[in-house]
Amino acid sequence: MAPKKVVLRFSADIADKPIIYRLVKDYDLVINILKANVNPQKEGTMVLEVRGDLYAAGLDYLRHQGVLVQDLTQEIARNEDLCTDCGACTAICPTGALYLERPSMEVQFDSDACVVCYLCLKACPVRAMEARF
Amino acid sequence: MDKTYAEINAKIKEGKAVVVTAAELIDLVAEKGLAQAAREVDVVTTGTFGPMCSSGVFLNFGHSAPRIKMHRVWLNNVPAYSGIAAVDAYIGATEVPEDDPLNSNYPGEFRYGGGHVIQDLVARKPIHLKATGYGTDCYPRREIETTFTLDDINEAVLFNPRNAYQNYNCAVNLSNRIIYTYMGILKPGLGNAHYSTSGQLSPLLKDPYFKTIGLGTRIFLGGGIGYVAWHGTQHFPFIQREANGNELGPNGGTLMVIGDLKQMSPRWLVGTSYLGYGATLSVGIGVPIPILNEEIARLAAAKDEELYAPVVDYGEAYPNRLPGNLGYVSYAQLKSGKITVNGKEVPTAPLSSYPRALEIASLLKEWIQKGRFLLAEPVQLLPPPTGQPEPAKLK
């Protein structure tokens, strides 16, 4: 099974629980933490690559613990009304998720390749890249 | 076989003018040869859409009762220059609110500045106006706070002292730290290369000797009709050459432009923020080039392969105004997605939108074909390239 990328959101009251430990130990999932921002007593977020036979059961466990689980692709979006197709993001994006179609030179966004690093949010001069929660 | 402005305008009025974009002219010359293409084509349209910091709007708000002589003016909390008559002001594209953290939290975000005010104005959103005065016998009021939209005020005139740069540096970073510039985020050690013209569509690259562009040239400006008012500030056009004398296309020309903001559109005047640098305005400009003779057609048909940008280090050389560059790259190379600098392959990205530039050239073509837009013969042409530009240096 190919790894799936998910975004996890922890509310402040569960941020101190060993949830990821249980996910690995009890459900035998192979995880790769792509990004994490977890602080005691605060809301936290984590971007995970997850693989394993008990993937569905593992995600159910997370939800049962009160973790909000979303597909990664829902996270960064391009607001096409704002984007001017300038291209300023395309050499900044580390994974090639944002790239120029040639010869039209239109900016394309392949959300499957996005790792939610947020660099495009900084690089976009017209703030067309949006993090959607 | 030479044509005049009057002859071309007569054909436009009859709906018979042959108008092509600069990109289409290149194909036409390849297909039919220069002489034939120059005979057939009456007008070539160009376009560019990118950040142009030297931009702003003159406003006249109309008078309140009682009257106020505005001494300080803020639009959506962004200061406007009011050192002119009582209710006149100029909002500049790069102005930011007085309480903006700027680069104190480096790199600063500069989320809202004069360029954003201009976009909100032209989008006909309500604008918050605050003004203070010191009170005079004829202008007793000392403060006003109100909201207005573009339609409520007497005049709003876009007047941009330097736009449509003929050509621009391809910016790289030789230093070992990430830098935040008006050429975008530049990664250390030649991590990326940013450029900012539309190449073969760019207005001043298509008339390098200023044989047709001058004071009074009618243009596409911000989605409306504007005019070339003067040469732009820092207009120092020259022809780039290699050491062996080979020409590498023009560089250094600029335009000062003016037009009625009330006709324009937020699609073509876009508030823009560069991380760590500042706020600005992206402006859409299109210039029509009348094909008066074969030489003008030849120059307007210059291809991306024949137009070059100098590669400049923004880590050390640019900020310290060190002379020289790291070589030249063609727009064909830049658009391919990678160039080679100091022996290293470097990914490229534009800051000016080629799709928007093409849309402008196509819109202008449509306006001319429909007889909505006539060519204006310049009162005086812009200064042509000189051998050796000598920009002033502050001591």
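**Close-up views of a predicted two-chain model**

**Figure 1. Helix H4 of chain B and its surroundings.** Buried residues of H4(B) are Gly114(B), Gly115(B), His116(B), Val117(B), Ile118(B), Gln119(B), Asp120(B), Leu121(B) and Val122(B). A residue is buried if 20 or more other C-beta atoms, placed from the backbone, lie within 10 Å of its own (exposed: 12 or fewer; partly exposed: in between). Helices (H or I, at least four residues) and strands (E, at least two) are DSSP runs, numbered from the N terminus. The model is predicted: local features need pLDDT of at least 70 and side-chain atom pairs count only at pLDDT 80 or more, whereas totals for chains, interfaces and linings use all residues. Residues are numbered from 1 along each chain as its sequence is written, and chains are lettered from A and ligands numbered from 1 in the order in which they are written. Because nine of the nine residues of H4(B), residues 114–122, are buried, this helix is largely enclosed by the rest of the structure. Just after H4(B), Arg124(B) adopts a positive phi of about 65 degrees.

**Figure 2. The four-stranded sheet of chain B against which H4(B) packs.** Strands follow the order S6-S5-S8-S9 in this open, antiparallel sheet of chain B; two strands pair if DSSP finds at least two bridges between them. Strand S6 (78–80) and strand S9 (143–148) of chain B form the edges with a single partner strand each, so one side of each has no neighbour in the sheet. On average, neighbouring strands are turned by 25 degrees against each other, direction ignored. Axes are lines fitted to C-alpha atoms, for helices over the stretch in contact, and angles run from 0 to 180 degrees between N-to-C directions. Within the sheet, strand S5 (residues 72–75) and strand S8 (residues 127–132) of chain B run antiparallel and are joined by four bridges. Leu75(B) has Leu129(B), in S8(B), as its bridge partner. H4(B) packs on the sheet, where it touches S5, S6 and S8 of chain B, and its direction makes about 120 degrees with that of S8(B).

**Figure 3. The boundary between the two domains of chain B.** Domain 1 of chain B covers 5–52 + 159–381, and domain 2 covers 61–150; the bounds come from an automatic or database domain assignment. Taken over C-alpha atoms, the centres of these domains of chain B are 32 Å apart. Domain 1 of chain B contributes 17 residues to the contact and domain 2 of chain B contributes 21; residues are in contact if their C-beta atoms, placed from the backbone, lie within 7 Å. On the domain 1 side, strand S21 (269–274) and strand S22 (278–286) of chain B are the elements that give two or more residues. S21(B) gives the most to this side, with five residues. The domain 1 side comprises nine nonpolar, seven polar and one charged residues. Nonpolar means Ala, Val, Leu, Ile, Met, Phe, Trp, Tyr, Cys and Pro, charged means Asp, Glu, Lys and Arg, and polar means the others, Gly among them.

**Figure 4. The domains of chain A and the contact with chain B.** Chain A is divided into domain 1 (4–74) and domain 2 (76–131). Between these domains of chain A, six residues of domain 1 are in contact with five residues of domain 2. The domain 1 side of this contact in chain A has four nonpolar, one polar and one charged residues. Between the chains, 16 residues of chain A are in contact with 24 residues of chain B. The chain A side holds nine nonpolar, four polar and three charged residues.

Methods
Two residues are in contact if their C-beta atoms, placed from the backbone, lie within 7 Å.
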